[in-house]
Amino acid sequence: MNIRNTIDNLKKPFNRGEKWEKFAPAFNALDTFLFVPNHTTKHGAHIRDAVDLKRTMITVILALLPALFYGIYNTGYQYFSQLNVDYTFVDVMLHGSTKIVPMIAVSYIVGLAIEFAFAVFRGHEVNEGYLVTGLLIPMIMPVDIPLWMVGLSVAFAVFIGKEAFGGTGMNILNPALTARAFAFFAYPTYMSGNQVWVSEASNVDGVSGETILGMLASGDNSLPYQPMDMFMGSIPGSIAETSTLMVLIGALVLIYTGVGSWRIMLGSVIGAAITGMLFNLWGVNELMSFSWTNHLMVGGFAFGVVFMATDPVSAAQTVKGKWIYGLLVGLFCILIRVFNPAYPEGVMLAILLMNVFAPTIDHYVIESNVKRRLNRSNKPIVNIA
Amino acid sequence: MAVKKTKNINNPLILFLSKNSEPLFSKKNKALLSDPMDDNNPITVQVLGVCSALAITVQLKAAIVMTLSVIAVMSASNVIISLLRDLIPNRIRIIVQLVVVASMVILVDQVLRAYAYDVSKELSIFIGLIITNCIVMGRLEAFALGNGVWRSFLDGFGNAAAYGFILILVAFVRELFGSGNLLGIPVIPEFIYEMGYENNGFMLLSPMALIIVGVIIWIQRSRNRTLIEKG
């Protein structure tokens, strides 16, 4: 318990009545990273699980790591492979890291600074929610987005998406997607088109960095990629969204630990698959005739469904509600992809839309349950003997 | 509050003062101007007229012209309804109010077309839509029907000015960050663009106006905690 003692010593000036009392939330936040807080409940019989919010968030981060590392690899791979120069695995990872590590740093510094400021100002503990959001935001941005735009999007997401509603657990929209939506509408030239998905594509001639969905939306179906590429993820796209395989590994972690809802994930896949199949039958434009299995693998569908639609705060809470929510996320995702060429990727808008409707879905699920049970209890009991 | 029948009935000022003795800018009358600015702001507290706050705040110029138009319409129609308040049968008062407001709006529209054609074209339908602005009808119903002419004028002017204040504030933020201009003149220096700054396209979309109004409400309520509803 030496570390414990050291921390307790350091903590002294932050205790109640001491000179840095005001900044106690900031210190406690760092403390609880290392140790589970020793709070005990004072009333009633409650069992406190060692798996608190911080441990849950760390689980999500672990689940994100495969996709993140693949994202770093793919960033370098896309860059070097399109340049037609010799490269090694180390070059690839180095190039990817120099692009992505600063984005993650900016995201955490800006986001945590705002969170800490609010915690000190409002006098509550720092909420753990930002740990995951801060990693998710850079992972769903195009690689070449200027760092100040990342910072501004983060600030917008934390201020407007979270703190305006009361902080962690109160937000109606997924903060990471709020950040992306902000950047998408504020700086469309940095968030869409064919120049942003491969690093430095706009500086180098001969690099074609259009995403698959972007090509299809512009009516071009001469795809240079095989379904296997889409599954493995060696295609242009936002940093960590490309590899369906890595996202699936993350999904397994989330489902095994019970952190992510498998109902939402499966519901979304079923919803998207059915919608995709129906459009395959219709097939009047390139995106409609794009095979439904491919629809599940390209773009951010897998990443969004696994890591963002399952956000426990903004998703539906009831069991039946989760199925409805998931199915509709899948449906709207494909619908937006197919019908709106201005938004070749629909999963961001689909999840944000369903975030808004999640409380309504829950409300009606609970109402119908109440109604069903009322009906049952009001029935005259016939064969009582 | 009907006009008090005193022996000074021949004095023409009686039309404009509910009480002869009260000075023009008494404390009570001043409150009519200052209240809407903060505690009783039509947009941020009563949440009226939000539609136009979203629609015409992309540019500062349009917002200023809109503000002036609404001030003219509201002051004039408040005065007219206050003058007529004892003559209007209660059952048809809404339609009378509507006719008065519509006439005022048409007047403003014609003046704009004559003297500021470009702005009038820019604002297009929104000048006509002042008729549907809830603040106008709201003040007629809530104030002008029951108060003297001078007080009604102050109330109309105060509410319209407070509405315009929010409008101009939102338009200022949106034009500055959305297109880098103020009143159509570029104000963000060139070297900042060269450092990589970009105008924020989101500012030009109306959802951002809603968010800015929301932030103003947030700031106002954390300053003035009495405004927070209990619940």
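## Chatting through a predicted two-chain model

Biologist: How many residues of chain A are in contact with chain B?

Modeller: Quick background: this is a predicted model, where local features need pLDDT of at least 70, side-chain atom pairs count only at pLDDT 80 or more, and totals for chains, interfaces and linings use all residues. Residues are numbered from 1 along each chain as its sequence is written, while chains are lettered from A and ligands numbered from 1 in the order in which they are written. Two residues are in contact if their C-beta atoms, placed from the backbone, lie within 7 Å. On that test, nine residues of chain B meet chain A residues numbering eight.

Biologist: Which helix gives the most to the side of chain A that touches chain B?

Modeller: Helices here are DSSP runs of H or I with at least four residues, strands are runs of E with at least two, and both are numbered from the N terminus. With three residues, the top contributor on that side is helix 7 (residues 175-186) of chain A.  By class, that side has no polar and no charged residues, and its nonpolar count is eight. For the classes, Ala, Val, Leu, Ile, Met, Phe, Trp, Tyr, Cys and Pro are nonpolar, Asp, Glu, Lys and Arg are charged, and the others, Gly among them, are polar. So the name you want, by the count of residues given, is helix 7 of chain A.

Biologist: How many helices does chain A have?

Modeller: There are zero strands in chain A, and its helices number 17.  The C-alpha atoms fill a box of roughly 70 × 65 × 35 Å along the principal axes. Back to your count for chain A: 17 helices.

Biologist: How many residues of helix 16 of chain A are buried?

Modeller: Helix 16 covers residues 319-339 and reaches 30 Å from its first C-alpha to its last. A residue is buried if 20 or more other C-beta atoms, placed from the backbone, lie within 10 Å of its own, exposed if 12 or fewer, and partly exposed in between. Helix 16 of chain A is mostly covered, its buried residues, out of 21, being 16.

Biologist: How far apart are the C-alpha centres of domain 1 and domain 2 of chain A?

Modeller: The domain bounds, from an automatic or database assignment, are 2-33 for domain 1 and 53-371 for domain 2. Eight residues of domain 1 are in contact with seven of domain 2. The distance between the two C-alpha centres is 36 Å.

Biologist: Is B:Val47 buried or exposed?

Modeller: B:Val47 sits in the loop between helix 1 (27-34) and helix 2 (50-55) of chain B. With 12 other C-beta atoms within 10 Å, B:Val47 is exposed.

Note on methods
The expected span of a helix is 1.5 Å times one less than its number of residues.
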